Amino acid sequence: LCCPGASGRTVNDLTYNIRVGRSQSIHGPYLDRDGVRMLDGGGTLVVQGDSGASYYAAGHGEWILVDQTSYIIYHAYPGPGNQNELRIAELVWDDEGWPVQVGP
């Protein structure tokens with residue numbers, strides 16, 4: 001779930017997150033690190049809110065490379081009743097080339 005508002009949802013209800021998969025071909029299939037197809041519910045988690053403690057619904061990510069350092073840029077809600085904020089975090093890669101979970 002993304003985005004509180006007219007639907008009656010509050011930030012506490014939101015489950016928005018960022019997941020990744022990869023493929024040998026641009027045409028797919030795209031698999032997560034466990035080999036589950038993204039079309040079948042797979043996706044390696046990279047960014048999510050922290051269970052309602054301080055940030056909710058982290059998502060809508062973009063990756064950039066600056067001077068050989070990867071960053072992920074995304075938004076998250078900093079608590080009930082707040083507008084979403086822009087967040088920037090360094091993106092670290094593991095030995096198998098998968099991004100390591102960051103955020104919120």
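# Strands, core and salt bridges

Threonine 44 is buried, with a relative accessible area of 11%. The model discussed here is predicted.

User: Hello! Where does threonine 44 sit in the chain?

Analyst: Let's put it into the fold. Read along the sequence, the protein chain follows the pattern β-β-β-β-β, with five strands and zero helices. The place of threonine 44 is in strand 2.

User: Which residues does threonine 44 touch, leaving out those up to four places away in sequence?

Analyst: Threonine 44 counts as buried because its relative accessible area of 11% is under 20%. Leaving out residues up to four places away in sequence, the residues it touches are Ile18, Arg19, Val20, Asp32, Arg33 and Trp98.

User: What share of the 104 residues in the protein chain is buried?

Analyst: A residue has to have under 20% relative accessible area to be called buried. Of the 104 residues in the protein chain, the share that passes this test is 30%.

User: Which element gives the most residues to the largest nonpolar core?

Analyst: The largest nonpolar core has 13 residues, and those with the most contacts inside it are Val46, Val47, Ile72, Tyr74 and Val102. Strand 1, strand 2 and strand 4 are the elements that give two or more residues to this core. With three residues, the element that gives the most is strand 4.

User: How many bridges join strand 3 to strand 4?

Analyst: Strand 3 covers residues 56-66 and runs antiparallel to strand 4. One opposed pair is valine 66 with threonine 69 of strand 4. The number of bridges that join strand 3 to strand 4 is seven.

User: Which residue in the turn of that hairpin has a positive phi?

Analyst: Strand 3 and strand 4 form a hairpin with two residues between them. In that turn, the residue with a positive phi, of about 50 degrees, is aspartate 67.

User: Which residue in strand 5 stands opposite alanine 76?

Analyst: Strand 4 and strand 5 run antiparallel and are joined by six bridges. In strand 5, the residue that stands opposite alanine 76 is glutamate 85.

User: How far apart are the C-alpha atoms of asparagine 84 and tyrosine 55?

Analyst: Asparagine 84 lies in the loop between strand 4 (69-77) and strand 5 (85-90). Its relative accessible area is 37%, so asparagine 84 is partly exposed. Leaving out residues up to four places away in sequence, asparagine 84 touches His75, Ala76, Tyr77 and Pro78. Asparagine 84 and tyrosine 55 are 29 residues apart along the chain, and their C-alpha atoms are separated by 9.1 Å.

User: Is isoleucine 26 buried or exposed?

Analyst: Isoleucine 26 has its place in the loop between strand 1 (17-20) and strand 2 (44-48). Ile26, Tyr30 and Met38 form a nonpolar patch on the surface, with about 300 Å² of accessible area together. Because the relative accessibility of isoleucine 26 is 70%, and the label applies over 50%, isoleucine 26 counts as exposed.

User: What is the N to O distance in the salt bridge between arginine 33 and aspartate 94?

Analyst: The structure holds three salt bridges. Arginine 33 counts as partly exposed at 37% relative accessibility, and aspartate 94 counts as partly exposed at 22%. The side chains of arginine 33 and aspartate 94 meet in a salt bridge, with an N to O distance of 2.7 Å.

User: How many residues apart in sequence are the parts tied together by arginine 33 and glutamate 96?

Analyst: The side chains of arginine 33 and glutamate 96 meet in a salt bridge (3.1 Å, N to O). Because arginine 33 lies in the loop between strand 1 and strand 2, and glutamate 96 in the segment after strand 5, the pair ties together parts whose separation in sequence is 63 residues.

User: Which residue forms a salt bridge with arginine 37?

Analyst: Arginine 37 counts as partly exposed, at 36% relative accessibility. Its partner is exposed, with a relative accessible area of 57%. The closest N and O atoms are 3.4 Å apart, and the partner is aspartate 40.

User: Which residues do salt bridges with shared partners join into one network?

Analyst: Arginine 37 pairs with aspartate 40 in a salt bridge. The residues joined into one network by salt bridges that share partners are Arg33, Asp94 and Glu96.

Technical notes
Residues numbered from 1 in each chain as written. Predicted model: local features only at pLDDT ≥ 70, side-chain atom pairs only at ≥ 80, totals over all residues. Heavy atoms only, no water. Helix = DSSP H or I, 4+ residues; strand = E, 2+ residues; numbered from the N terminus. Buried < 20%, exposed > 50% of the residue type's maximum accessible area, 1.4 Å probe, protein only. Patch = residues over 30% accessible without salt bridge, like charges linked within 9 Å, V, L, I, M, F, W, Y side chains within 5 Å. Areas by Shrake-Rupley, 256 points an atom, 1.4 Å probe, with all protein chains shown as cover. Salt bridge = Lys/Arg side-chain N within 4 Å of Asp/Glu carboxyl O. Contact = heavy atoms within 4.5 Å. Core = buried A, V, L, I, M, F, W, Y, C linked by side-chain atoms within 4.5 Å. Pairing = 2+ DSSP bridges.
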